[in-house]
Each structure stands twice: as C-alpha cells, then as structure tokens.
Amino acid sequence: MANWVNVRLLVSGLPTDVERFRRAAGARRGRIATSDSSIFTAEMEFGEGGDLEADGVTPLQGRLRTATYRLQGRNDDHVDHFEVVSRRFPTLALLLVHSDPNGDEHGSYLLCAGRRRSWMVPARSRETILRRHMQQAGVTDEDDPNLFWVENEAFDEMMDVAEQHWQAAGLKWLTRSRAAPPPTRPRRGGR
C-alpha cells in the first residue's frame, strides 16, 4: 500500500516565463493529463485523495506571477524531478511544498536554476498546530471519528507554514536575478 505525500508546486516569475511553464505543464487550470505534459510524469497524475491539478495564476508582487499545482506522490515528494525541471526553467523560482502525514514530515524546497534549499516544519510547531486544531474541533483522543479530518486540516496548515517559509527568499532571488530585474526609475527632468 502506498504512502501518499501531498505536494503543492508554486512556480513564480515574470508572466511570460510562468506562461511558458504553464504551456509545458499541459493545462492552465483544472485537471492535467500527463500525456499532454512535459513537466509532470505519469506517476504524478493520479492520487489517492486527488488527481494532478492546476489552480491558475495569482499576482505575486509587482510584475511577478505565481502558478500553483497540486498532486500526490506515492512515497515521494518528487523533489529530485523538480530540481531537474528547475534547470529547464532557470528564470523561475519553484517552491515545492510537501506533507507526509504518515511520516510526520512537512516541509518545503526552494528550487532555483537547479539549486535546492530545504526546510522542515519543526516538531514543536507541528504539535502546536495539531493540538490547536484538535481543541477547536473538540477532539480529545485518538479514537474520535473526527480525528482524521482534524489532522488533515492541521496538515494543510503545516503546508501553508512551509510555503510561507520560503516566500521572501524566493522573491529576493527573483528580483536579484536576471529573471525579474527591478523596474527602472525615470530620470529627473524627463530624460
């Protein structure tokens, strides 16, 4: 039986670069068939709790945009695969967020031009988030039938925490790299 890892991929950069990635991904919004994708592999298409999907594009800051994808991996967060993909798209910052509920690993990777940085949600933070969700739902023990849903909400929040960890670093990389130079200021005197 597979251990399903929830994965969220955020692809950020200039609109033209993000659009090029979206075309290669196979769908701009909704379910993605991997037969139409040069980004995602067949093993990424179907998951136990959901299939591969594109959420669309959101503004990041100024001229930058972010496209979001969701999938599940069998015993794998697919970081090695997406590290290679990041080399194909060196002007983009890829943020790979993962949550392995069975292995208690919740974290993220920042992938820029084939370079990888990783971060894990600390155990103490995981415990605090789970405890808070249990208290809010009135779940007091492991035999409670609502525990499954409460844990899933907590795991979603842990993914959000792992995503937020790298947002500033990804933005800094994008604005410092040639991918998205800062806008130029007009000269004084109209020149």
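## Arg-22 in helix α1

Arg-22 is placed in helix α1, which spans residues 15-25. The model described here is a predicted one. With a relative accessibility of 11%, Arg-22 counts as buried, because the cut-off for a buried residue is under 20% relative accessible area.

The side chain of Arg-22 is joined to the side chain of Glu-19 by a polar contact of 3.1 Å. Beyond the neighbours within four places in sequence, Arg-22 is in contact with Ala-27, Arg-28 and Arg-29, and also with Gly-56, Val-57, Ala-67 and Tyr-69.

## Strands β2, β3 and β4

Strand β3 pairs with β2 in the antiparallel sense, over 2 bridges. Within this pairing, Gly-30 has Ala-54 of β3 as its bridge partner.

Strand β3 also pairs with β4, again in the antiparallel sense, and here the pairing extends over 6 bridges. Glu-53 has Arg-70 of β4 as its bridge partner. The two strands β3 and β4 form a hairpin with 5 residues between them. In the turn of this hairpin, Gly-62 has a positive phi of about 55 degrees.

## Salt bridges between helix α4 and strand β1

The structure holds 11 salt bridges. Among them is the pair formed by Asp-160 and Arg-8, whose closest N and O atoms are 3.0 Å apart. Asp-160 lies in helix α4 (residues 147-176) and Arg-8 in strand β1 (residues 4-13), so this salt bridge ties together parts that are 152 residues apart in sequence. The two partners differ in exposure: Asp-160 is partly exposed, with a relative accessible area of 34%, whereas Arg-8 is buried, at 7%.

Arg-8 forms a salt bridge with Glu-163 as well, with the closest N and O atoms 2.5 Å apart. Because Glu-163 lies in helix α4 and Arg-8 in strand β1, this pair ties together parts that are 155 residues apart in sequence. Both Glu-163 and Arg-8 are buried.

## Further salt bridges

Glu-45 and Arg-31 meet through their side chains in a salt bridge, with an N to O distance of 3.1 Å. Glu-45 lies in the loop between β2 (30-31) and β3 (53-59), while Arg-31 lies in strand β2, so the pair ties together parts that are 14 residues apart in sequence. Glu-45 is buried, with a relative accessible area of 11%, and Arg-31 is partly exposed, with a relative accessible area of 37%.

Asp-80, Glu-83, Arg-87 and Arg-116 are joined into one network by salt bridges that share partners.

## Asp-77 in the loop between β4 and α2

Asp-77 is located in the loop that runs between β4 (65-74) and α2 (79-88). Its relative accessible area is 14%, and Asp-77 is therefore buried. Asp-77 and Trp-4 are 73 residues apart in sequence, and their C-alpha atoms are 9.1 Å apart in space.

When neighbours within four places in sequence are left aside, the residues in contact with Asp-77 are Val-5, Val-7, Leu-96, His-98 and Tyr-109. With Tyr-109, the side chain of Asp-77 makes a polar contact to the side chain, at 2.8 Å. A polar atom of the Asp-77 side chain also lies 3.1 Å from the backbone nitrogen of Val-79.

Conventions: Residues numbered from 1 in each chain as written. Predicted model: local features only at pLDDT ≥ 70, side-chain atom pairs only at ≥ 80, totals over all residues. Heavy atoms only, no water. Salt bridge = Lys/Arg side-chain N within 4 Å of Asp/Glu carboxyl O. Helix = DSSP H or I, 4+ residues; strand = E, 2+ residues; numbered from the N terminus. Buried < 20%, exposed > 50% of the residue type's maximum accessible area, 1.4 Å probe, protein only. Contact = heavy atoms within 4.5 Å. Polar contact = N/O pair within 3.5 Å; in protein donor to acceptor, adjacent residues only side chain to side chain. Pairing = 2+ DSSP bridges.
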